[in-house]
Amino acid sequence: MFRPDISIDLLNQISQESMVDHLGIEFIEIGSDFIKATMPVDHRTRQPMGLLHGGASMALAETLGSIAATCCVDNSKQYCVGLEINANHIKSAREGFVQGICKAVHIGKKTHVWEIKIYDRKEQLICISRITIAVIDHKKA
């Protein structure tokens with residue numbers, strides 16, 4: 001499903017000096033049909049009450065979905081952008097790390113739909129999200 005040139009090192013490298021880097025998101029595994037990343041639950045990602053901020057969960061989900069879609073297209077011809085994202089926040093987290101796993105629901109020529117599940121260290125579901133990605137052709141010069 002993913003291009004053969006995709007690696008964990010590449011994904012982490014292209015994420016440097018971005019919000020992904022700022023939030024401490026790190027890609028940890030690429031499988032035949034999934035991508036996994038972790039994010040710390042710390043001062044960068046907690047809300048004032050000490051819980052994982054829902055927006056941080058959404059940032060992890062959007063990161064995973066956008067990167068996964070990008071890994072499926074020829075970047076010299078197309079690029080991917082988020083079109084719509086939703087999430088259900090199921091449980092809270094206060095410390096440690098959360099892990100997101102992203103899998104395709106639909107991969108079309110012009111749209112992708114990805115499901116992202118975020119778990120805590122006890123493998124309890126924290127958030128489930130779905131993102132729709134628009135696949136856009138580069139304009140010809």
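Glu 17 sits in the loop that links helix H1 (8-14) to helix H2 (19-22). In this predicted model, the phi angle of Glu 17 is near 55°, a positive value in a residue other than glycine. The background makes this worth a pause: most residues other than glycine have a negative phi. Glu 17 counts as exposed, because its relative accessibility is 78% and the cut-off for that class is over 50%. A second glutamate invites the reader to look at another loop. Glu 123 has a positive phi of about 65° and is likewise not a glycine. The loop that holds Glu 123 runs between strand E5 (111-119) and strand E6 (125-137). With a relative accessibility of 68%, Glu 123 also counts as exposed.

The strands themselves come next. Six strands make up an open sheet in the order E1-E2-E4-E5-E6-E3, and their pairing is antiparallel. At the edges are strand E1 (26-30) and strand E3 (78-89), each of which pairs on one side only. On average, neighbouring strands of this sheet are turned by 25° against each other, with direction ignored. In general, strands of a sheet pair through backbone hydrogen bonds, either parallel or antiparallel.

A closer view of the edge at E1 shows how the pairing is built there. E1 and strand E2 (residues 34-40) run antiparallel and are joined by four bridges. Within this pair, Glu 26 stands opposite Thr 38 in E2. A side-chain link can be added to the picture: Lys 36 and Glu 29 meet in a salt bridge, at 3.5 Å from N to O. Glu 29 counts as partly exposed, because its relative accessibility is 34%.

One helix can be followed across the whole set of strands. Helix H3 (residues 54-70) lies across E1, E2, E3, strand E4 (97-107), E5 and E6. Relative to E3, helix H3 runs at about 145°.

Aromatic contacts were examined in turn, and the count comes to one aromatic pair. The partners are Phe 2 and Trp 114, whose ring centres are 6.3 Å apart and whose planes meet at 15°, so the pair is stacked. Since Phe 2 lies in the segment before H1 and Trp 114 lies in strand E5, the pair ties together parts that are 112 residues apart in sequence. Phe 2 and Trp 114 are both buried. The two values given for the pair follow the usual form, as a pair of aromatic rings is described by the distance of the centres and the angle of the planes.

Charged side chains complete the account. The count of salt bridges comes to five, among them the link between Lys 36 and Glu 29 already described. Another joins Arg 3 to Asp 5, with the closest N and O atoms 3.0 Å apart. Arg 3 counts as partly exposed, because its relative accessibility is 22%. Asp 5, at 47% relative accessibility, counts as partly exposed too. A further salt bridge is formed by the side chains of Asp 42 and Arg 44, at 2.6 Å from N to O. Here the partners fall into separate classes of exposure. Asp 42 has a relative accessibility of 16% and therefore counts as buried, the limit for that class being under 20%. Arg 44, at 31% relative accessibility, counts as partly exposed.

How values were computed. Residues are numbered from 1 along each chain as its sequence is written. This is a predicted model: local features need pLDDT of at least 70, side-chain atom pairs count only at pLDDT 80 or more; totals for chains, interfaces and linings use all residues. Side-chain values use heavy atoms; hydrogens and water are left out. Helices (H or I, at least four residues) and strands (E, at least two) are DSSP runs, numbered from the N terminus. Buried means under 20% relative accessible area, exposed over 50%, partly exposed in between (1.4 Å probe, protein chains only). Two strands pair if DSSP finds at least two bridges between them. Axes are lines fitted to C-alpha atoms, for helices over the stretch in contact, and angles run from 0 to 180 degrees between N-to-C directions. Contact means heavy atoms within 4.5 Å. Rings of Phe, Tyr and Trp (its six-membered ring) pair if their centres lie within 6.5 Å; planes under 30 degrees apart count as stacked, over 60 as edge-to-face and the rest as tilted. A salt bridge is a side-chain nitrogen of Lys or Arg within 4 Å of a carboxyl oxygen of Asp or Glu.
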